[in-house]
Structures are given as C-alpha cells and as structure tokens.
Amino acid sequence: IITVAIIMVYSWYTGGVKSPVLFTLTLCPAAAFSTSKKQGFIWSFITLFLFVLLFILQPVLPISSIVPLEWEVVFFLAVIVFIASLSMLMSYLINRSTFAVHRSFERDSEELRIKTTRLDNLTTLLNYSNDLMCILDVATLEIEDQNPVFKLHLGYDLSEVRGKTLPEFIEKSDKTVNVFTDMACMEENEVVEFSCRMVCKNKSTKPFKWIGVARGGKIHASARLMEG
C-alpha cells in the first residue's frame with residue numbers, strides 16, 4: 001500500500017497519466033500473483049482503478065511535472081530501465097522459487113514412489129510368508145491386524161481373528177498364562193519368545209514358536225510352525 005501511494009505521488013508530480021512512473025504500478029499485480037491468485041486479482045483491480053481515477057482527475061485538478069522539459073527523455077528512459085530491471089529481477093526470483101518447489105515436489109514424489117514400492121514388496125512378503133504374523137495391543141493382547149496365514153495353518157478367516165485376543169487361539173497352560181501376563185507389561189523394544197500349541201478351527205492343535213517385539217504400544221509378533 002505504501003509503495004502504491006509513493007508511485008501515485010511520483011506520477012502526480014511527473015506528468016500524471018503521461019508519467020512513465022505510472023507504469024511501475026503494473027508490477028504490483030505481478031508481485032501479488034506470485035503469492036496467491038486472490039491477491040493477484042485484488043491488486044489488478046486496484047491498479048486498474050488507480051489508472052482510471054488518475055485519468056478522471058487529471059482534467060479537474062492541476063497536475064504539473066517537476067521534470068524539466070529537456071530532461072523528459074532521460075527521465076523516461078531511466079524509468080523504463082528501472083521497470084525492466086525490476087521485472088527481470090522479479091521474474092528471476094519467482095522462477096527460482098518455482099523451480100525450487102518443483103524440484104522439492106519431484107524429490108518427494110520419487111521418495112513416495114520408492115516407499116510405496118517398498119511397502120508393496122513388504123506386504124507381498126507378509127502375505128505369502130509361511131509364518132503367522134500379527135500386531136497386538138500391548139495392554140489387551142487384542143489382534144489388530146494379521147496376515148492370511150492364519151487361515152492356511154489354523155483354518156480361521158481374517159474376520160474370525162481380527163478383534164479377538166491372542167490367548168483365545170492358544171491352548172492354555174501354566175506356562176502360557178505367565179507369558180501373557182508378562183506380555184501385557186512389555187516396555188518399548190522389549191522382546192518376548194515362547195512356544196505353545198495353537199488351537200485350529202477344527203479344534204486340533206499345532207505347535208508354534210512365537211517371537212514378538214514391543215513398539216509404540218503394540219507387539220509385532222510372528223510364529224513359526226514347529227515339527228511334532
């Protein structure tokens with residue numbers, strides 16, 4: 001606003017609508033558009049309004065140029081050079097900023113693509129692993145997610161497992177009761193290992209060896225089928 005006010009004052013005392021200083025106003029919308037479309041439209045309207053206002057007021061109010069007649073050409077050239085230099089500087093800075101944003105976007109997109117590919121590979125690895133894998137809530141030992149191997153080895157559909165606690169699928173014994181008590185108190189990065197017999201959907205049992213690690217209030221656990 002201060003810049004526009006100064007430009008208008010300079011224009012008023014250097015020829016009004018005939019002043020080359022008035023063309024400097026055209027840089028305001030260009031600078032505003034570099035911040036947001038809304039600001040660009042606002043300052044475009046303000047600039048157009050000031051052009052029209054100065055054109056209307058010129059015949060009514062006395063406008064005199066303080067630039068001597070013999071210096072008008074030099075003054076005009078100096079203003080044009082100033083506007084051109086400022087335009088090139090703005091273009092350079094805006095282009096540099098845009099390039100930096102574009103380069104950052106490309107870098108982030110490439111990192112996201114790599115992470116997505118890696119996640120897909122890990123998902124495939126988990127789904128086609130021969131081990132039982134699941135994520136448990138530390139406090140309740142509730143199964144929050146698991147791989148499809150539960151159906152392969154135990155016969156349970158995913159919907160029959162998710163939301164239930166791990167002890168519901170393990171044959172109870174004094175050893176497993178103590179293990180479950182310890183698991184509910186696991187601290188960050190603590191590891192637990194135990195062997196047990198898993199109860200299949202058809203009520204038969206199979207021996208598995210479990211290993212789990214506590215991370216962020218969850219237990220990431222996997223179990224391998226044992227012989228016998």
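# A walk through the model, one selection at a time

Start by selecting Glu144 and Lys218, which form a salt bridge whose closest N and O atoms are 2.7 Å apart. The pair joins distant parts of the chain, with Glu144 in strand β2 (residues 143-146), Lys218 in strand β5 (residues 218-225), and their positions 74 residues apart in sequence. A salt bridge here is a side-chain nitrogen of Lys or Arg within 4 Å of a carboxyl oxygen of Asp or Glu. Helices (H or I, at least four residues) and strands (E, at least two) are DSSP runs, numbered from the N terminus.

Before moving on, a word on the model. It is a predicted one, where local features need pLDDT of at least 70 and side-chain atom pairs count only at pLDDT 80 or more, while totals for chains, interfaces and linings use all residues. Residues are numbered from 1 along each chain as its sequence is written, and side-chain values use heavy atoms, with hydrogens and water left out.

**Colour by confidence.** pLDDT is the predictor's confidence in each residue, from 0 to 100. The chain has a mean pLDDT of 85, and 99% of its residues reach 70 or more. Confidence is lowest in α4, at a mean of 81, and highest in β4, at 93. Where pLDDT is low, the predicted coordinates should not be read in detail.

**Back to the first pair.** Add Asp137 to the selection: Asp137, Glu144 and Lys218 are linked in a network of salt bridges. Are Glu144 and Lys218 buried or exposed? Glu144 is partly exposed at 32% relative accessibility, and Lys218 is also partly exposed, at 24%. The scale calls a residue buried under 20% relative accessible area, exposed over 50%, and partly exposed in between (1.4 Å probe, protein chains only).

**More salt bridges.** How many salt bridges does a search of the whole structure find? It finds eight. Try Lys201 and Glu160 next, where the closest N and O atoms of the salt bridge are 3.0 Å apart. Lys201 sits in the loop between β3 and β4 and Glu160 in helix α6, 41 residues apart. Lys201 is partly exposed at 40%, and Glu160 is partly exposed at 24%.

Now go to helix α4 (residues 72-127), where Arg113 and Glu110 lie three residues apart, about one turn of the helix. Their side chains meet in a salt bridge of 2.6 Å, N to O. Arg113 has a relative accessible area of 46% and is partly exposed; Glu110, at 36%, is partly exposed as well.

**Show the aromatic rings.** Rings of Phe, Tyr and Trp (its six-membered ring) pair if their centres lie within 6.5 Å; planes under 30 degrees apart count as stacked, over 60 as edge-to-face and the rest as tilted. By this rule there are four aromatic pairs. One of them is Tyr156 with Phe169, edge-to-face at 4.9 Å centre to centre and 80° between the planes. Tyr156 lies in the loop between α5 (149-154) and α6 (158-161) and Phe169 in the loop between α6 and α7 (174-183), so the contact ties together parts 13 residues apart in sequence. Tyr156 is buried at 11% relative accessibility, as is Phe169 at 4%.

Select Phe180 and Phe194 next: their ring centres are 6.3 Å apart and their planes are at 85°, so this pair is edge-to-face. Phe180 belongs to helix α7 and Phe194 to strand β3 (residues 191-199), so the pair ties together parts 14 residues apart in sequence. Phe180 is buried at 11%, and Phe194 is buried at 5%. Bring in Trp210 too, since Phe180, Phe194 and Trp210 form one aromatic cluster.

**Follow β3 into β4.** Strand β3 pairs with strand β4 (residues 205-215) in the antiparallel sense over nine bridges; two strands count as paired if DSSP finds at least two bridges between them. Select Cys196 and you will find Phe208 of β4 opposite. The two strands form a hairpin with five residues between them, and Lys203 in the turn has a positive phi of about 80°. Further along β4 is Ala214, buried with a relative accessible area of 3%.

**One long jump.** Measure from Ala214 to Thr26: how far apart are they in space? The C-alpha to C-alpha distance is 62 Å, and the two are 188 residues apart in sequence.
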